[in-house]
Amino acid sequence: MVLAQILLNGILLGGLYGLMALGMALVWGVLNIVNLSHGALIMLGGYVVYYLFTIGGIDPFVALPIAMLVMFAVGFLLQYYLLNLVVRSKMLNTLLITFGLDVVLTYLAQLTFSADFRTINPPYAGANFALFGLTVPSVRLAAFVVAIVLAAALWFLLHRMALGRAIRATAQNLVAARLYGVNPSVLYAVTFGIGTALAGAAGGLYGMIANLTPYIGASLTAKSFVIAIIGGLSNPFYVIFGGIFVGIAESLTALYIGPTYSDVISFGLLVVVLVLRPNRTLRTS
Amino acid sequence: MKKQIGLAGIAALVAASLLAPAAQAEDVITLGASVQLTGTNANTGRYYKDAYQLAIDKINAAGGVKVGDKTYQLKLDVLDNQSDVNLSVRQYVQLISADKVNFLLGPFASNFALSDSSVAEKYQIPMVQGGGAATQIYTRGYKYVFGTLPPADDYYASTIEMMGKMNPAPKSVALVAADDSFDVSVAKGTRKHLADAGMKLAVDETFREGSADFSTILTQVKAANVDAILWTGHETEALNFIRQMKGLNVNPNGLYAFTVGVPTADFRKALGPDANYAYGMTSWLPNPSLKDKWFGDAAQFAAEYKAKFNYSPDYHAASGAADVETFAMALEKAGSLDPKKVRDAIAGISFDSLYANIKYGADGQIVLPQVVVQIQNDKLVPIYTTDFINKAQYPTPAWDKR
């Protein structure tokens, strides 16, 4: 029974992990930017939901789409005015600029929001129900469902809508896409905006499960990075599966080896995936 | 033209900053510290900077410190270590060798104090620190390091003593600890105290510092059906642990207790009603019976602190203020600025302060009992030190029966 409960915990947590990585994988796959400020954007999204909830009195799940819109705007402007400057340059440049962005966002967040811990704590945050003898935390289940829905929406956007086709076309062949009337700088900004909006949603859900501080970004970036590589960059559902895989692996490690080794295992998995399937990280969209 | 004025201005500023300390060097004693003002520990680090500053201002306002037949003003030189241990070690070296501070105050947290105190010992500059409780800091035979937090090994001693007097007394216990030096110390001591009290250690788990997910540990604790959970780690992890306890419906039969977090206002604010029933501990409460030479008593200290910084002090702040007072007292006693003489004066000191009676053991660490506290209806209530102070709400009701 303990094992079943721990597997369930891992799967539910993994869904949220997958959502965290989804935006990073999209931006990486399409723009070839490994966004080191991704975790900081998750953090910002968390604060947007936190303030909508505590000051605006809006239910956090209702606040999620609003936060996604806000974060889309943030991401669009960041890409259009800043990251477009380096979008076709060497990987090192994009790493440097997004690392700098991470530092700036983190310390701006400390100045604005202070270092105090924040929790998005609606009355039902601790609600749970029993199912076949297992305890299912309602908020984690809801977060899992939101992650799946957003992954499905992203898949639909990329594969069934004109905008998605344009995004994929630009990623595959910039010249051809231009010939068909795509404006790459706007399209990059839209793509980055979508990635940031997904990060914002993940941040809001994260704030309902754990605490928000300005410093959570770096570890979330690292986790997203691992999952984006394990899941691959080609399909949103693979990223969610990657998240679930890491969630289960961490939970089992905590049970059988000890909770101090969870990170060793998730980064160890990264190494194994890179050794066994190095092509997995290549863009196949 | 504008540029030239700007440059001239900068030059004037640089000259002024170079000249200023030289002009004052005669009658100022500088206390140096590297503290977490940004980064993951900033939330607690601020207590130290603010307490140091408040105590120094208060001592200066009362005329400063009389050393021999000369009177000195105290000055604080505080650097931000960004919650990075390696940086803090470098900053202490900088404080001693470049800034030429006279004496050292400490950082927050045991792992910082553990590394930083080695710098003090190496340069033979006394450090009085109120942020590190791990016994490791004091078992290395160092002569220049003193501390105002009681030994981490004994943090749960009063809680376990209290548990023995509860009805029904908890029999099986889950111990959950982080893996940094302070929490390893706490866990080691707690295992011994539990064995002495004849309680069974049913779950003994260590988690990585900074963990946000406790679902696996909580599932194991729930399956073991324990009477008590004794938890040690950092405040942000404590918040995660309680919220996830509720989410996974984990209800120990008797109580759950935390080494940190519970006494702070932040803790109650973040958790709301879910903070109720949690047990914690503190080495200090703002009690008017704690008399102080400069502040009058602990309650007045707390009021002045709150008025100045707009948040309430906890034991970290009181401990930090006591460190500054230790130097003021020891300097007057030593009658000299010589680090060796001041060190000897600190070792033999005994005075009443807003924090406690300050007296350091042979190893340099103070000995104080922890007061067990509980949050009852959003209020922090002292429960037990060597006997019950107030009635505990016990046993803790299940999450769905509150």
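This is a guided tour of a two-chain model, stop by stop, for use with the structure open in a viewer.

The model is predicted, and for that reason local features need pLDDT of at least 70 and side-chain atom pairs count only at pLDDT 80 or more, whereas totals for chains, interfaces and linings use all residues. Residues are numbered from 1 along each chain as its sequence is written, and chains are lettered from A and ligands numbered from 1 in the order in which they are written.

**The sheet of chain B**

Select strands S1 to S6 of chain B, where helices (H or I, at least four residues) and strands (E, at least two) are DSSP runs numbered from the N terminus. These six strands form an open sheet of mixed pairing in the order S2-S3-S1-S4-S5-S6, two strands being paired if DSSP finds at least two bridges between them. Strand S2 (65–67) and strand S6 (145–147) of chain B each have a single partner strand and stand at the edges, so one side of each lacks a neighbour in the sheet. From one strand to the next the twist averages 30°, with axes taken as lines fitted to C-alpha atoms, for helices over the stretch in contact, and angles running from 0 to 180 degrees between N-to-C directions.

Within this sheet, zoom to S1 (residues 28–35) and S4 (residues 103–105) of chain B, which run parallel and are joined by two bridges; here B:Leu31 stands opposite B:Phe103. Adding H4(B) to the selection shows a helix packed on the sheet, touching S1, S4, S5 and S6 of chain B, with its direction at about 160° to that of S5(B). Contact between two residues requires C-beta atoms, placed from the backbone, within 7 Å.

**Two loop residues with positive phi**

Most residues other than glycine have a negative phi, and most peptide bonds are trans. Select B:Gln124, in the loop between helix H4 (110–123) and strand S5 (127–129) of chain B, where phi is near 55°. B:Gln124 is exposed, with 12 other C-beta atoms within 10 Å; a residue is buried at 20 or more such atoms within 10 Å, exposed at 12 or fewer and partly exposed in between, with C-beta atoms placed from the backbone. Then go to B:Asn225, between helix H7 (215–224) and strand S9 (228–232) of chain B, which has a positive phi of about 50°.

**Two cis peptide bonds**

Select B:Asn167 and B:Pro168, joined by a cis peptide bond with omega about -5°; B:Pro168 lies in the loop between helix H5 (157–164) and strand S7 (172–178) of chain B. Another cis bond joins B:Tyr394 and B:Pro395, with omega about -10°, and B:Pro395 is in the segment after strand S17 (379–384) of chain B.

**Helix H6 of chain B**

Select residues 181–196 of chain B; the buried residues of H6(B) include B:Phe182, B:Val186 and B:Leu194. Their cover includes H4, H5, S7, strand S8 (200–207) and S9 of chain B. Just after H6(B), B:Gly198 takes a positive phi of about 75°.

**Chain A and the contact**

Finally, show both chains: the contact takes 34 residues from chain B and 33 residues from chain A. On the side of chain B that touches chain A, H8(B) gives the largest share, seven residues.

In chain A, select strand S1 (residues 128–131) and strand S2 (residues 134–137), which pair in the antiparallel sense over four bridges. In their hairpin, which has two residues between the strands, A:Phe132 takes a positive phi near 50°.
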